[in-house]
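This report introduces one protein structure to a reader who has not met it before. It begins with a single helix and then turns to the whole chain.

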Amino acid sequence: MSNFEGKVAFVTGAARGQGRSHALAFAEAGADLVLCDRCEDSPVVRYPLATEDDLAETVRLAEAAGAKVVSEKLDTADRAAMDRLVARAHDEFGRIDIAVANAGVSTAAPVQSMPQAMWDETISSNLTGVFNTIAAVSPGMIDRGYGRIVTISSMLGRAGNTNMVAYGASKWGVIGLTKSAALDLAQNGITVNAIAPGNISTPMIHNDALYGMLRPDLENPTADDVAPVFASLHAQPVPWLEPAEITRAVLFFCDEAAAHISGTVLPIDAGNAARVT
Ligand code: NAD
């Protein structure tokens, strides 16, 4: 396992799911942490987002693993709040070495009837939030001539799908943002790479709203009922992957040994990458 002793890692959307998995892996590998999550539901997201208790639990687990933690409830779309958190982290730790722009929401509606508020929420959380993360951490990284930034796109950042105009646009946008930021920061010892996950077993996919959309023929579909539908989105016969699979790639990109990998997109999607560009 990589050693992140003495490093400071910033993870957005860290209250649960993939973000919690990344945060705890960095803590176990010796890093101190800067964590945030919005910890509030959105009127246009049809499943519950994380809670303040979830974020507190991530902090508790990270501290139990030996990390010092700075954490805040904030929306990554709020640039001023992101700048304040980064300034606080610099005061407490002196720097941020690693940033994982993980926070995001999933929304679904056809283009002809997507409410404007749903489009705005999706672009704010999934694209502007990633820009804000990179923009907030990069000046300090430039000062120290070192940084590792990982963004989280999706297999829907490489293809289209029905009902996915906003989510797909945001995740394609993350790839364009990642590649351009990688070039802006290439002279400064900073790498920027994207991961494009397939279906990952978190509350973003395990919720009544999505289950109902995937199996409209059933009154109360269960995980077993939706598993074949999820599996059809992958090439390998698996409905979903565990967050730890994404975490391993995040740690790989942040390792010293990945110093000369930048501007790339790594699909972790059970073979669906073979079907798209
Ligand atoms: P999740 O819903 O469990 O976690 C997302 C976290 O981000 C939640 O804790 C939520 O409260 C937080 N969040 C959302 N919007 C925020 C904002 N504007 N500011 C701060 N925090 C915010 O889902 P997850 O699967 O862990 O998602 C992590 C990332 O992976 C997301 O970017 C998602 O789009 C991406 N992704 C997920 C899947 C999947 O199948 N689960 C697939 C591809 C990509």
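Helix α1 is mostly covered, with eleven of its twelve residues buried. The model is a predicted one. Among the buried residues of α1 are Gly 17, Arg 20, His 22, Leu 24 and Phe 26. The cover over the buried residues of α1 includes three strands and two helices, set out below.

| Covering element | Residues |
|---|---|
| β1 | 8-12 |
| β2 | 32-37 |
| α2 | 52-64 |
| β4 | 98-101 |
| α8 | 243-254 |

The length of α1 can be checked against expectation. Because each residue adds 1.5 Å, the twelve residues of α1 (residues 17-28) should span 16 Å, and the 17 Å between the end C-alpha atoms agrees with this. After α1 comes Gly 30, which has a positive phi near 100°.

In total, the protein has eight helices and seven strands. A compact globule of 277 residues would have a radius of gyration near 19 Å, so the 18 Å of the protein agrees with that expectation. Along the principal axes, its C-alpha atoms fill a box of roughly 55 × 40 × 35 Å. Of the 277 residues, 46% count as buried. Among contacts with a separation of 6 or more, 73% join residues 24 or more positions apart.

The domain assignment gives domain 1 (8-199 + 242-268) and domain 2 (206-239). Their centres, taken over C-alpha atoms, are separated by 26 Å. Five residues of domain 1 are in contact with eight residues of domain 2. On the side of domain 1 that touches domain 2, two residues are nonpolar, two are polar and one is charged.

Terms used. Residues numbered from 1 in each chain as written. Predicted model: local features only at pLDDT ≥ 70, side-chain atom pairs only at ≥ 80, totals over all residues. Domains from an automatic or database assignment. Contact = placed C-beta atoms within 7 Å. Nonpolar A, V, L, I, M, F, W, Y, C, P; charged D, E, K, R; others polar. Helix = DSSP H or I, 4+ residues; strand = E, 2+ residues; numbered from the N terminus. Rg over C-alpha atoms; globule rule 2.2 N^0.38 Å. Buried ≥ 20, exposed ≤ 12 C-beta atoms within 10 Å, placed from the backbone. Expected span 1.5 Å × (residues − 1).
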